[in-house]
Every structure is written in structure tokens, then in C-alpha cells.
Amino acid sequence: MSDTTPTPGTSPLPDESLDGRGRSRRRALQVLAVAAVTPALPSPGFGAPATPDPAVVEPDESQATAAGPRGTPSDPDLLRPRITWSNKLTAPEMVTLTALCDMIIPADSRSPSASAVGVPGYINHWVSAPYDGNQRELVRLRGGLAWLNTESRRRFGRTFARASTTQRAAICDDICFLPNARPEHRAAARFFDRVRDLTAEGFYTTDEGMKDIGYVGNVALPRFDGPPPAVLKHLGLA
């Protein structure tokens, strides 16, 4: 692995590196992605809207309104969403977040990096939502980003975004699996765990992410022959 200073979004870790349980990182994220694209019951007390499309959540303050989505409550116009709140992360915080997202999902031969499909913007929009749960996540995210830079300066004399891929990986390795994190890294591990979840949600709900895991979704078919025989046999119907 090169030790040269990378540009966020262009400095992948080995794609099939294993975590503490022997699973590849990309495989683990793909499992998370299946959960992300599966319809779920609403979470009580967590009043933010369903996962927005990262491709449309980059802030444009001139278009921000407080009127909610277009269309009607029962039939919102999801192709022309409105931004109903201002994003709160600062430009320096976004630089650090972008570097971290691209450490979690770097570009590879099959798909672009997390930042290339707008994941940092999606996370910024999510934690900026005016709901109690999202505001708590904003506090955790900001604290974690500040910790990353403090730790990177302490170890390498430079911010996390300016550190080399190898240096960033050294920090991430210490916080990427909560059960193995040392006591002084446990808070950072919880921060990393949440950012990893949000990164996977954002990435695998884009067209590029769905293509990466082979998710087809609802598409028009010229014909439908019914469930395959193996499925009918499994259900005891054949």
C-alpha cells in the first residue's frame, strides 16, 4: 500500500480486507445494504424521513424552503424534492467526513467511491435534520470528526484528510470494531460504527450501489412466468 498522501475518494484500502470476524469489509457492507433497501417499519421517536437519495441532498441554500416535499402527503413528488432544512457541517468537517467515507467504501473496479455518489452530503443532510435523534447524531459526528483530526495530528502531525492511506488505516483499524477497541477508543469506535452504517445506507441506495450488489428492484418485465420451481418446492407448493 502506497504511503503517499492521497486525495479523498482516490485512495482505496484493499477491497477484501478482513474484519475481526474474518469477513471481508465489502461483504459486510453489502449485508448492511440489503437491510437498507428492504422496506422497514418506522422507528418510533425517530421522526426523520426515509433514507433520501444522496444524489439530491447536496445543499442548495437558495432553494431551501420550509414547505416540505412537493406533491401531496399521500403522493409526494420524489423526483423534485425540496430541502427543508439547512445542512450544518462546516466545510472543514465535510473534508474530514469525505476522507472517512472513502476509507469505508473506496472506489474499486466495480463501483465508485462513497464520496463520488454523494454519501458525505447525504450524511450531512441526515444529521442536520431538526429532530432530536438526528441532532444527537450531529453532536456525535462532530465529536468524532474532531477526534479523528486530533488523533491524526498526535500520531502523524497532520489532519486525517491529509494523512496517507496507510496512516488513516492505522487509525481506522483501532476503532473499526467496537468489541476489540481499547477503552480509550471505545467512544471513537461507536462514532465509526454509526458513520459506517450511514455510509453503507447512502452508498447502497444509489444506482451505483444497487448495481454493485446486483439489486434489480421493481422493473418492468416483458413477461412473468411465476416463481421458479425451486421456490415452489421450498414452499411445499410443487
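Among contacts in the protein chain of this predicted model that link residues at least 6 apart in sequence, 67% connect residues at least 24 apart. The chain comprises 238 residues, of which 38% are classed as buried. Its secondary structure amounts to 8 helices and 2 strands, and, read from the N terminus, these elements follow the order α-β-β-α-α-α-α-α-α-α.

The largest nonpolar core contains 36 residues, and those making the most contacts inside this core are L97, L100, I123, L141, L148 and F160. Two or more residues each are supplied to the core by α2 (91-104), α3 (119-127), α4, α5 (165-175) and α6, with the greatest contribution, 9 residues, coming from α6. In soluble globular proteins, nonpolar side chains tend to be buried together. For L97, once neighbours within four places in sequence are set aside, the residues in contact are L89, P120, I123, L141, L145 and V195; of these partners, I123 and L141 also belong to the group with the most contacts inside the core.

The structure holds 1 cavity of 30 Å³ or more, and the largest cavity encloses about 50 Å³ of space. Its lining is formed by V127, E137, R140, L141, F191, R194, V195 and L198, and the elements that contribute two or more residues to this lining are α4 (132-156) and α6 (186-204). The largest share, 4 residues, is provided by α6, the helix that also gives the most residues to the largest nonpolar core. By residue class, the lining divides into 5 nonpolar and 3 charged residues, with no polar residue among them. L141 and V195, both part of the cavity lining, are also both in contact with L97.

With regard to the cysteines, the structure contains 0 disulfides. A disulfide is a covalent bond between the sulfur atoms of two cysteines. The cysteine sulfur closest to that of C172 belongs to C176 and lies 7.5 Å away, which is too far for a bond, given that a disulfide is assigned to sulfur atoms within 2.5 Å. C176 is accordingly in no disulfide, its nearest cysteine sulfur being that of C172. The surroundings of the two residues may be described through their accessibility: C172 is buried, with a relative accessible area of 5%, whereas C176 is partly exposed, with a relative accessible area of 23%.

Definitions and conventions. Residues are numbered from 1 along each chain as its sequence is written. This is a predicted model: local features need pLDDT of at least 70, side-chain atom pairs count only at pLDDT 80 or more; totals for chains, interfaces and linings use all residues. Side-chain values use heavy atoms; hydrogens and water are left out. On a 1 Å grid over the protein atoms alone, a cavity is a set of points where a 1.4 Å probe fits but cannot get out, and a pocket is an open set with protein on both sides within 12 Å along at least five of seven lines; lining residues have an atom within 4 Å of a point. Grid points are joined across faces, edges and corners, and a volume is the space filled by probe spheres set on the points. Ala, Val, Leu, Ile, Met, Phe, Trp, Tyr, Cys and Pro count as nonpolar, Asp, Glu, Lys and Arg as charged, and the others, Gly among them, as polar. A nonpolar core is a set of buried Ala, Val, Leu, Ile, Met, Phe, Trp, Tyr and Cys residues joined through side-chain atoms within 4.5 Å. Buried means under 20% relative accessible area, exposed over 50%, partly exposed in between (1.4 Å probe, protein chains only). Contact means heavy atoms within 4.5 Å.
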